[in-house]
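Thanks, everyone. Let me put the model up, and then I'll walk you through it from the overall layout down to single residues.

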Amino acid sequence: MAKKMRAPVLLNHNMLVKEVMQTDLITAKFDTSLVDTIAILKEKGISGLVVLDNIGEFVGVVSALDIFKAVNEGDRVENLVVDDVMTPFTITIFHDASIADAALTMMENNIHRLVVTESPTSKKPVGIVTSTDLINNLI
């Protein structure tokens, strides 16, 4: 039987995602060229972007790993847009969730970032919380 995961005990279980999330979201539209996307990643020193549709709703995440996979498969970045390589609508978390819940969600899904929404049914991102944000709030 697989061992059930639990949130790290060193996290403040009363702290909420909205207290640690980054609200200055760096985004790309789904039809942004991959060349422009790579330029944004390099300029901002980040490894991933939240992807939005034409009405500003969350449709996925594009990461450096997604780009590496596309290039490894022989695709030329000059011919691609974000929609060609992104991970579509990934897991989100509600801004009033605890950071312990965020850590558990990341561990269970083997991911390092969660798009934060104002409500469980919303597709409008209000922030992002990363594993680094959680590490910075240990103890």
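So, this protein has six helices and seven strands. It is a predicted model, so keep that in mind throughout. Along the sequence, the order of elements runs α-β-α-β-β-α-α-β-β-α-β-β-α. There are 139 residues, and 38% of them are buried. The accessible surface is about 8,300 Å², and carbon and sulfur atoms hold 53% of that. Now contacts. Take those with a sequence separation of 6 or more: 61% of them link residues 24 or more positions apart.

Let's go to the sheet with strands S5, S6 and S7. It is open, it has three strands in the order S5-S6-S7, and the pairing is mixed. S5, at 92-94, and S7, at 125-130, are the edges, each pairing on one side only. From one strand to the next, the twist averages 35 degrees. Look at S6, residues 113-117. S6 pairs with S7 in the antiparallel sense, over five bridges. One pair to find on screen: Leu114 has Val129 of S7 as its bridge partner.

Which helix packs on this sheet? That is H5, residues 99-109, and H5 touches S5, S6 and S7. The direction of H5 makes about 135 degrees with that of S6. The buried residues of H5 are Ile99, Ala100, Ala102, Ala103, Leu104, Thr105 and Met106. Their cover includes H1, S5, S6, S7 and also helix H6, at 131-135.

Now the interior. In soluble globular proteins, nonpolar side chains tend to be buried together. Here, the largest nonpolar core has 14 residues. Val17, Ile93, Val129 and Leu134 have the most contacts inside this core. H1, at 17-20, H5 and S6 each supply at least two of its residues. Which element gives the most? H5 does, with four residues.

Stay on Val17 for a moment. Leave out residues up to four places away in sequence. Val17 then touches Ile93, Phe94, His95, Ala97, Ser98, Ile99, Ala102, Val116 and Val129. Apart from this core lies another one, of 13 residues. Val51, Val77, Leu80 and Val85 are among them.

Next, the end of H5. Asn110 comes just after that helix and sits in the loop between H5 and S6. What is notable about its backbone? Phi of Asn110 is near 55 degrees, a positive value in a residue other than glycine. Is Asn110 buried or exposed? The cut-off for exposed is over 50%. Asn110 has a relative accessibility of 70%, so it counts as exposed.

On to strands S2, S3 and S4. S2 covers residues 48-52, and it pairs with S3 in the antiparallel sense over five bridges. The two strands form a hairpin, with five residues between them. Gly56 is in the turn, and its phi is positive, about 80 degrees. Leu52 has Phe58 of S3 as its bridge partner. S3 itself spans residues 58-63 and is mostly covered, with five of its six residues buried. S3 also pairs with S4, again in the antiparallel sense, over two bridges. As a reminder, strands of a sheet pair through backbone hydrogen bonds, either parallel or antiparallel.

That brings me to my last residue, Thr87. Thr87 is in strand S4, residues 87-88, and Val61 stands opposite Thr87. What does Thr87 contact, beyond its neighbours within four places in sequence? The answer is Val59, Gly60, Val61 and Asp66. Take Asp66. Asp66 and Thr87 are 21 residues apart in sequence, yet their C-alpha atoms are 7.3 Å apart in space. Their side chains are joined by a polar contact of 3.1 Å. How covered is Thr87? Its relative accessible area is 33%. Buried needs under 20% and exposed needs over 50%, so Thr87 is partly exposed.

To wrap up, three places to look. One is H5, packed on the sheet and giving the most to the largest core. Another is Asn110, with its positive phi. And the last is Thr87, with its polar contact to Asp66. Thanks, and I'm happy to take questions.

Methods: Residues numbered from 1 in each chain as written. Heavy atoms only, no water. Buried < 20%, exposed > 50% of the residue type's maximum accessible area, 1.4 Å probe, protein only. Contact = heavy atoms within 4.5 Å. Polar contact = N/O pair within 3.5 Å; in protein donor to acceptor, adjacent residues only side chain to side chain. Pairing = 2+ DSSP bridges. Axes fitted to C-alpha atoms, helices over the stretch in contact; angles between N-to-C directions. Core = buried A, V, L, I, M, F, W, Y, C linked by side-chain atoms within 4.5 Å. Areas by Shrake-Rupley, 256 points an atom, 1.4 Å probe, with all protein chains shown as cover.
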